[in-house]
Amino acid sequence: MLSKCANPACSKPFRYLRDGKLFEIDSRTISGSPTVGERKPVRAVEFFWLCSECCSEFTVVNDREKGVITVPIVPLPRVAVRRAAAS
């Protein structure tokens, strides 16, 4: 059950879905895919919520080594668009 923002530095309590962003993470990707002879992992979906302030600066990712973590959103570099000169 969600109780607070997924950002460890934030303590805003979860009250409404409209106040932030909800992330659905398939936790079986943490352990990787099964090897030959292993049973197929059971699908385990977990939900994480970032409050409205944190979701503008962070996102939630599933890191293979660290598990589910929040990371800063990296803005895409602006690409200069060159317009063809009118002839």
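Helices (H or I, at least four residues) and strands (E, at least two) are DSSP runs, numbered from the N terminus. Keep that handy for the exercises below.

This is a predicted model, where local features need pLDDT of at least 70, side-chain atom pairs count only at pLDDT 80 or more, and totals for chains, interfaces and linings use all residues. Residues are numbered from 1 along each chain as its sequence is written, and side-chain values use heavy atoms, with hydrogens and water left out.

**Exercise 1. Get your bearings: how many helices and strands are in the protein, and in what order do the elements run?**

Step 1. Count the elements: there are one helix and four strands.

Step 2. Start at the N terminus and read along; you get β-α-β-β-β.

Step 3. Now look at the contacts, where contact means heavy atoms within 4.5 Å. Take those with a separation of 6 or more: residues 24 or more positions apart account for 53% of them.

**Exercise 2. Find the largest nonpolar core and work out which strand gives the most to it.**

Step 1. You need two terms here. Buried means under 20% relative accessible area, exposed over 50%, and partly exposed in between (1.4 Å probe, protein chains only). A nonpolar core is a set of buried Ala, Val, Leu, Ile, Met, Phe, Trp, Tyr and Cys residues joined through side-chain atoms within 4.5 Å.

Step 2. Check how much is buried at all: 18% of the 87 residues in the protein.

Step 3. List the core. It has 10 residues in all: Cys 5, Cys 10, Phe 23, Ile 25, Phe 48, Trp 49, Leu 50, Cys 51, Cys 54 and Val 60.

Step 4. Sort by strand. E1 and E2 each supply at least two residues of this core, and E2 gives the most, with four.

Step 5. Zoom in on Phe 48. Skipping neighbours within four places in sequence, Phe 48 is in contact with eight partners you can tick off: Leu 2, Ala 6, Lys 21, Leu 22, Phe 23, Ile 25, Val 60 and Val 68.

Step 6. Then try Cys 5, which sits in the segment before E1. Cys 5 counts as buried because its relative accessibility is 2%. Between Cys 5 and Trp 49 there are 5.5 Å from C-alpha to C-alpha, although the two are 44 residues apart in sequence.

For background, nonpolar side chains tend to be buried together in soluble globular proteins.

**Exercise 3. Why is there no bond between the sulfurs of Cys 51 and Cys 54?**

Step 1. Recall the cut-off: a disulfide is a pair of cysteine sulfur atoms within 2.5 Å.

Step 2. Compare. The cysteine sulfur closest to that of Cys 51 is in Cys 54, and because it is 3.6 Å away, it is too far for a bond.

Step 3. Look at the whole structure: it holds zero disulfides.

Step 4. Add the surroundings. Cys 51 is buried at a relative accessible area of 0%, and Cys 54 is buried too, at 8%. Asn 7 touches Cys 54, along with Leu 50, Phe 58 and Thr 70, not counting residues up to four places away in sequence.

**Exercise 4. Which residues form the salt bridge, and where do they lie in the chain?**

Step 1. A salt bridge is a side-chain nitrogen of Lys or Arg within 4 Å of a carboxyl oxygen of Asp or Glu. Side chains of opposite charge can pair when their charged atoms come close.

Step 2. The structure holds one salt bridge. Glu 53 pairs with Lys 12, with their closest N and O atoms 3.6 Å apart.

Step 3. Place the partners. Glu 53 is in the loop between strand E2 (45-51) and strand E3 (58-63), while Lys 12 is in the segment before E1, so the pair links distant parts of the chain, 41 residues apart.

Step 4. Both count as partly exposed: Glu 53 at 44% relative accessibility, and Lys 12 at 30%.

**Exercise 5. Is Leu 17 buried or exposed?**

Step 1. Locate Leu 17: it is in the segment before strand E1 (20-26).

Step 2. Use the accessibility. Leu 17 counts as exposed because its value is 53%.

Step 3. See what Leu 17 joins: with Leu 22, Val 45 and Phe 47 it makes a nonpolar surface patch of about 340 Å². Patches are made of residues with over 30% relative accessible area and no salt bridge: like charges are joined within 9 Å, nonpolar side chains (Val, Leu, Ile, Met, Phe, Trp, Tyr) within 5 Å. Accessible areas come from the Shrake-Rupley method with a 1.4 Å probe; for residues, only the protein chains shown count as cover.
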